[in-house]
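Please load the model in your viewer and keep the sequence beside it. We will walk through a handful of places together, with a short stop at each.

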Amino acid sequence: MTELWKHQVDALDFIRDLDAALLDCGMGTGKSRMVVEATKMWDTKWTLIVCPLSVAPAWLKQFALFGSGDEDVLVLNKYSTARKAEQLSDHVERCKLSGRHAVVVINYDAIWRPALERLLLYKLTPDLVVF
């Protein structure tokens, strides 16, 4: 595995003891790697990543390259919002029962739809949310 760049180490050190943070980094600066490292650093059990539909599948590769191997990544880029809510709920519950880290990747246009909004606000609150 490649070593972290200095600015990535500095960013992770900066957020280590914070409850919330914004890392404002440009293209090509390794933001995805920082997110994967943060999930390991904080030992998150369930991470929600909200991103453009076009880059959602890239998160599978990022966790395969840099993750701990304990993550189950689900990319919700197909089907109706109601079906996505079912898949999300099933995935998080399955990971909880197996002791694995649930990572769910969803696009901006789906996240605010009522079925997902209610599920995420009232039933399945993630440990980490990435926009």
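What follows is a tour of a helix, two residues in the core, two loops, a surface patch and the cysteines. Keep in mind as you look that this is a predicted model.

Let us begin with helix H3, which spans residues 58–66. Which of its residues are buried? They are Trp59, Gln62, Phe63 and Phe66. If you look down the axis of H3, these buried residues fall within an arc of 90°, so they line one face of the helix. A general point about helices helps here: an α-helix has 3.6 residues a turn, so residues three or four places apart point the same way. Turn to the other side of H3 and you will find Lys61 and Ala64, which are exposed. What lies over the buried residues of H3? The cover includes H2, S1, S2 and strand S3 (101–107).

Strand S1 is a good next stop, since Thr47 is found there. Is Thr47 buried or exposed? Its relative accessible area is 0%, so Thr47 counts as buried. Leaving aside residues up to four places away in sequence, Thr47 touches Thr39, His101, Ala102, Val103, Val104 and Leu128.

Now move along to helix H5, residues 108–111, where Ile111 is found. Ile111 has 18% relative accessibility and counts as buried, because the cut-off for that label is under 20%. Again not counting residues up to four places away in sequence, Ile111 touches Leu48, Val50, Ile106, Leu116, Glu117 and Leu120. If you would like a distance to check in your viewer, take the C-alpha atoms of Ile111 and Ala85: these two residues are 26 apart along the chain, and the atoms are separated by 9.7 Å.

Backbone angles offer another thing to look at. Asp43 has a positive phi of about 50° although it is not a glycine. Where does Asp43 lie? You can find Asp43 in the loop between helix H2 (31–41) and strand S1 (46–51). Tyr79 is not a glycine either, and has a positive phi of about 80°. Tyr79 belongs to the loop that runs between strand S2 (71–76) and helix H4 (81–98). With a relative accessible area of 59%, Tyr79 is exposed.

On the surface, look for Phe14, Leu18 and Leu23, which make a nonpolar patch of about 270 Å². Leu23 sits in the loop between helix H1 (6–15) and H2. The relative accessible area of Leu23 is 32%, and Leu23 is partly exposed.

Finally, the cysteines. How many disulfides does the structure hold? There are zero, and the sulfur positions show why for two of the residues. The cysteine sulfur closest to that of Cys25 is in Cys51, 16 Å away, which is too far for a bond; the cut-off for a disulfide is within 2.5 Å. For Cys95, the closest cysteine sulfur is also in Cys51, at 18 Å, again too far for a bond. As for their surroundings, Cys25 is partly exposed, with a relative accessible area of 22%, whereas Cys95 is buried, at 2%.

Conventions
Residues numbered from 1 in each chain as written. Predicted model: local features only at pLDDT ≥ 70, side-chain atom pairs only at ≥ 80, totals over all residues. Heavy atoms only, no water. Buried < 20%, exposed > 50% of the residue type's maximum accessible area, 1.4 Å probe, protein only. Helix = DSSP H or I, 4+ residues; strand = E, 2+ residues; numbered from the N terminus. Arc of directions from axis to C-beta. Contact = heavy atoms within 4.5 Å. Patch = residues over 30% accessible without salt bridge, like charges linked within 9 Å, V, L, I, M, F, W, Y side chains within 5 Å. Areas by Shrake-Rupley, 256 points an atom, 1.4 Å probe, with all protein chains shown as cover. Salt bridge = Lys/Arg side-chain N within 4 Å of Asp/Glu carboxyl O.
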